[in-house]
Amino acid sequence: MKTLFLSVLMAITFLNSSAQVLRPNYHYTPPKNWVNDPNGLVYIDGEYHLFYQYNPFGDKWGHMSWAHAVSKDLQKWETLPLALPEIQNADGSTTMIFSGCVVVDSFNTSGLFAKGFKKGLVAVFTSHVSKPGQDLAQHQSLAYSSDKGRTWKYFDKNPVLDIGLTNFRDPNVIWWPSEKKWVMTVVKPLEYLVQFYSSKDLKKWTFMSEFGKQGDMSKIWECPALVKVPIENSKESKWVLMLSSGHRQAGYLAMQYFVGDFDGKSFKSQKQNEIFYLDEGKDFYAAIPFYNLPKTQKNPIIIGWTNDWEYANDIPADEGYRGGFSVARKLSLYNSRGVFKFKQEPIINHKVKTETLTLSKNYVLNSNLGEKTQNSYRLNLEVDLTASKGFDLQLLKFENQYLLLSYDVSTNMFSMDRTKSGKVDFSKRFPSIETIKILPQNNKLQLDILVDKSIVEVYVNGGKVVLTDLVFPVNQATKEIFSFFK
Ligand code: FRU
């Protein structure tokens, strides 16, 4: 008989929990109504700002406006009043405030602030003009704030960039110090093209170059961002172009990225023989980086929307809100046999109660962490696969309800199966399984699992692979069962 020597090191981290059934504890969700993309992520004076696509009038997509929340630790968020409302125009059309970014105009390049004022915030967003049943235009516009995002004025000469298209959106702007200019990354969604523009004052923009028509083109391209990412264990960094588009599985949405170089004018990707997806789950989209992080924070931090347009408007909204956000993630790059890839680390700042267990040979873990924390916890596993055929981990388990994570050593395939995870029948597209090849490291698989009621984020092998999925467990008194394959 084959000798199996298996061990599992387990660190269990408890997080605060509340009586809410599906509303997460340590992921931000709005008090009520519909949300989609995070917008204008910016840090200033000790505060992280999360603006986001929001419908002030209902729990389905519509009347897009920017809502606002702030946090000191990227985890406990306080919701502030609506920032940028939809605009009713004199001709009967409306301008919705689509996705975009916020920059700190510390040199008052825009001239929108009082002389010498260093803390002016400028929102650069897509102005989407429509009449009932008719989309008229998408162009880029500005709003500005002198009080750290509490109140805003729309620029009176909007739009600032209009190329005559009805699909042209999601500007993300960075400062390019060597030429004292702003660089905007923006997308032509239907053409799978990212464009780069430059400006000295945020008001007048000049086309520089474009990049695209490669990678995943199974869905339109949205929400691009250009970000400088340090390479781990080195002083070097690379530019990464990330954007939202299709998923490995037909029809679903995900994010892809290209690693390369940017010289202030154009982006060149490294040779990538496969498509790099940022998150292999179904529910991570439209993530963008924070602008103006403290100098000591060299790694970019992103937040994504935890939902998928395939069923976004149909997910249960029993608690009055629909949609939410991932935890903040720190990005770095590592060298994977000659190509650079992302590594993502969740930022969890809560005080945590940690339990560490060493589990051995054929161990069957049967814990009631879910029951104790009302399904809001973190589970850190190191699974030793030496002589193992693989394992099953049932999370959020109550009788026949569970979210199943599995690993098959013979194929190196990791899977996340939510077909039995609770409420799944609100959309035909919701019950689904993701399967992705992951090689063990030193015969081990590391799993850092964030379970937060209806959002599950799984970081495998130090965040080299991440899967984010929504789940809607019906019963709250759940447990976790881990077993190696026989
Ligand atoms: C992405 C997106 C963006 C757009 C916004 C509208 O989810 O479609 O391209 O700006 O949502 O709400």
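Trainee: Which residues come nearest to the ligand among the 13 around it?
Mentor: This is a predicted model, and in it a residue counts as near the ligand if one of its heavy atoms lies within 4 Å. The shell defined in that way holds 13 residues. Those that come nearest are Asp37, Gln53, Arg169, Asp170 and Glu222.

Trainee: How far from an oxygen atom of the ligand is the N or O atom in the side chain of Trp61?
Mentor: Polar side-chain atoms reach ligand oxygen atoms from several residues, including Asp37 at 2.7 Å and Gln53, likewise at 2.7 Å. For Trp61, the separation between a side-chain N or O atom and an oxygen atom of the ligand is 3.0 Å.

Trainee: What percentage of the area that the ligand exposes when taken alone does the protein bury?
Mentor: The ligand taken alone exposes 310 Å². Around it, the elements that each give two or more residues to the shell are β2 (33–44), β7 (94–104), β11 (169–176) and β15 (222–230). By class the shell comprises 6 nonpolar, 3 polar and 4 charged residues. Of the area exposed by the ligand alone, the protein buries 96%.

Trainee: Which residues lining the largest cavity are the closest to its centre?
Mentor: Searching the whole structure gives 3 cavities of 30 Å³ or more, and the largest encloses about 120 Å³ of space. Its lining consists of 16 residues, which divide into 9 nonpolar, 5 polar and 2 charged. The closest to the centre of this cavity are Ile315, Pro316, Tyr321, Ser454 and Phe472.

Technical notes:
Residues are numbered from 1 along each chain as its sequence is written. This is a predicted model: local features need pLDDT of at least 70, side-chain atom pairs count only at pLDDT 80 or more; totals for chains, interfaces and linings use all residues. Side-chain values use heavy atoms; hydrogens and water are left out. On a 1 Å grid over the protein atoms alone, a cavity is a set of points where a 1.4 Å probe fits but cannot get out, and a pocket is an open set with protein on both sides within 12 Å along at least five of seven lines; lining residues have an atom within 4 Å of a point. Grid points are joined across faces, edges and corners, and a volume is the space filled by probe spheres set on the points. Ala, Val, Leu, Ile, Met, Phe, Trp, Tyr, Cys and Pro count as nonpolar, Asp, Glu, Lys and Arg as charged, and the others, Gly among them, as polar. A polar contact is a pair of N or O atoms within 3.5 Å; within protein, one must be able to donate a hydrogen and the other to accept it, and residues adjacent in sequence count only if both atoms are side-chain atoms. Accessible areas come from the Shrake-Rupley method with a 1.4 Å probe; for residues, only the protein chains shown count as cover. Helices (H or I, at least four residues) and strands (E, at least two) are DSSP runs, numbered from the N terminus.
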